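Welcome! Here is a structure to explore together, one question at a time.

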Amino acid sequence: MPIKELREELKKKIIDQLNLEDFSVSDIEDDDALFGDGLGLDSIDALELIVMLDKDYGIQLTDPKEGKEVFKSITVLAEYIAERTNK
Amino acid sequence: MHVRNSKISLNYNILFEDGAEEFKDFIKIAYKALGIDYPKFFKMDNLSKLALIAADVLIQNMENIDENTAIILSNRASSLDTDRKHQESISDIDNYYPSPSVFVYTLPNICIGEICIKHQLFSENSFYIFENFNPNHLWLQSEYLLKTGKANKVICGWVDFDDSNYDAFLYAVEKNGDFDNSIENIKKLYLCQ
């Protein structure tokens, strides 16, 4: 899957699975911060993203430090997935 | 105040009514119609959504609510609606992906936490499971909290959700307040439509 499509797919999944009712795909910029001042995700959302990585992409994230970097933005997350799945 | 039969009412007046058959549709429309702005609402389970809307309506109409307000809630179904969802997610060992955001709601008292977080209430709280609405227990607990000075006000009630059935009834009591905190009155108010 081209990286651009993967980014769009991730935005849809994040909106659906994290119940971001007030957001649409077009509201999320590729480089927006997912946590903190960006989408305002919390610690439970982080756990949900870890489950999503495992369930949908077969990637198991076990190092908390790695998670902090991987979930920085859609751009970073998509690149991380692409490197490990050749999508 | 009541939330039942697709209606939200306060002091015998219907504040909101909608024909939506499904709870998820009804509560979402109610959230928007009541002008509540709290994005975390959409991440909550059904029981917490029901409790939060009910508490919001009640608190908006309370005078001088302060952080020393206790909450005592009760129901029949505990968190069974969410428990079932969690159970489904862990029943297949080959497809074992429990959702953290579902799991955190597998206790009924979490809905009290959601109310306390939104309204910054820091007093006592407890959640009880009964077969039926139990005015005696609510009366006893609220009187204890007020008479021992552990709380200035107490929000009490019944918040039940199971399958597609829901029923919320909340009221507020305070020391020397206008509310008639007698078992008979609590029972009468609960039975009002």
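The questions and answers below walk through this predicted model.

Q: How many residues of chain B are in contact with chain A?
A: Let's begin where the two chains meet. On the side of chain A, 14 residues take part. Their partners in chain B number twelve.

Q: How much area do chain B and chain A bury between them?
A: Carbon and sulfur atoms account for 57% of the buried area. The total that chain B and chain A bury is about 1,100 Å².

Q: Which residue of chain A meets Lys28(B) in a salt bridge?
A: The count of salt bridges between chain B and chain A is two. In one of them, the side chain of Lys28(B) takes part, with an N to O distance of 2.5 Å. The side chain that Lys28(B) meets belongs to Glu21(A).

Q: Which elements give two or more residues to the side of chain B that touches chain A?
A: The residues on this side of chain B divide into six nonpolar, two polar and four charged. The elements that give two or more of them are α1 (23-33) and α4 (100-103) of chain B.

Q: Is Ser99(B) buried or exposed?
A: Ser99(B) sits in the loop between α3 (80-90) and α4 of chain B. Its relative accessibility is 14%. The cut-off for buried is under 20%, so at 14% Ser99(B) counts as buried.

Q: Which side chain of chain A is joined to Ser99(B) by a polar contact?
A: Within chain B, the side chain of Ser99(B) makes a polar contact of 3.1 Å with the side chain of Ser101(B). Across to chain A, there is a polar contact of 2.9 Å. The partner there is Glu48(A).

Q: Which element gives the most residues to the largest nonpolar core?
A: This core has 42 residues, and those touching the most other members include Phe26(B), Leu73(B) and Leu170(B). Several elements of chain B each supply at least two residues, including β2 (7-10), β4 (69-75) and α5 (110-119). The element that gives the most, with ten residues, is α2(B).

Q: Which residues does Leu170(B) contact, leaving aside its neighbours within four places in sequence?
A: Leu170(B) is one of the core residues that touch the most other members. Its contacts include Ala51(B), Ala54(B), Ala55(B) and Leu58(B). The others are Met1(B), Leu73(B), Ile155(B), Cys156(B), Gly157(B), Trp158(B) and Val159(B).

Q: How many residues are in the other core, the one that includes Leu18(A) and Tyr57(A)?
A: This core lies apart from the largest one. Leu39(A) and Leu49(A) are also among its members. Its residues number 24.

Q: In the salt bridge of Lys40(B) and Glu114(B), how many residues apart are the partners?
A: The side chains meet at 2.8 Å, N to O. Lys40(B) is in the loop between α1 and α2 of chain B, while Glu114(B) is in helix α5 of chain B. Along the chain, they are 74 residues apart.

Q: Is Glu114(B) buried or exposed?
A: Its salt-bridge partner Lys40(B) is partly exposed, at 27% relative accessibility. Glu114(B) has a relative accessibility of 4%. At that value, Glu114(B) counts as buried.

Q: Which residue forms a salt bridge with Asp56(B)?
A: Asp56(B) is buried, with a relative accessible area of 3%. It belongs to helix α2 of chain B, and its partner is in helix α5 of chain B, 62 residues apart. The closest N and O atoms are 3.1 Å apart, and the partner is Lys118(B).

Q: How many residues apart in sequence are the parts tied together by Asp162(B) and Arg84(B)?
A: The closest N and O atoms of this salt bridge are 2.8 Å apart. Asp162(B) lies in strand β6 and Arg84(B) in helix α3 of chain B, so the pair ties together parts separated in sequence by 78 residues.

Q: Which residue's backbone nitrogen lies 3.5 Å from a polar atom of the side chain of Ser79(B)?
A: Ser79(B) is in the loop between β4 and α3 of chain B, and it is buried, with a relative accessible area of 3%. Beyond its neighbours within four places, it contacts Tyr105(B), Thr106(B), Leu107(B) and Pro108(B). The backbone nitrogen in question belongs to Leu107(B).

Conventions:
Residues numbered from 1 in each chain as written. Chains lettered and ligands numbered in written order. Predicted model: local features only at pLDDT ≥ 70, side-chain atom pairs only at ≥ 80, totals over all residues. Heavy atoms only, no water. Contact = heavy atoms within 4.5 Å. Buried area = accessible area lost by both parts, 1.4 Å probe. Salt bridge = Lys/Arg side-chain N within 4 Å of Asp/Glu carboxyl O. Helix = DSSP H or I, 4+ residues; strand = E, 2+ residues; numbered from the N terminus. Nonpolar A, V, L, I, M, F, W, Y, C, P; charged D, E, K, R; others polar. Buried < 20%, exposed > 50% of the residue type's maximum accessible area, 1.4 Å probe, protein only. Polar contact = N/O pair within 3.5 Å; in protein donor to acceptor, adjacent residues only side chain to side chain. Core = buried A, V, L, I, M, F, W, Y, C linked by side-chain atoms within 4.5 Å.
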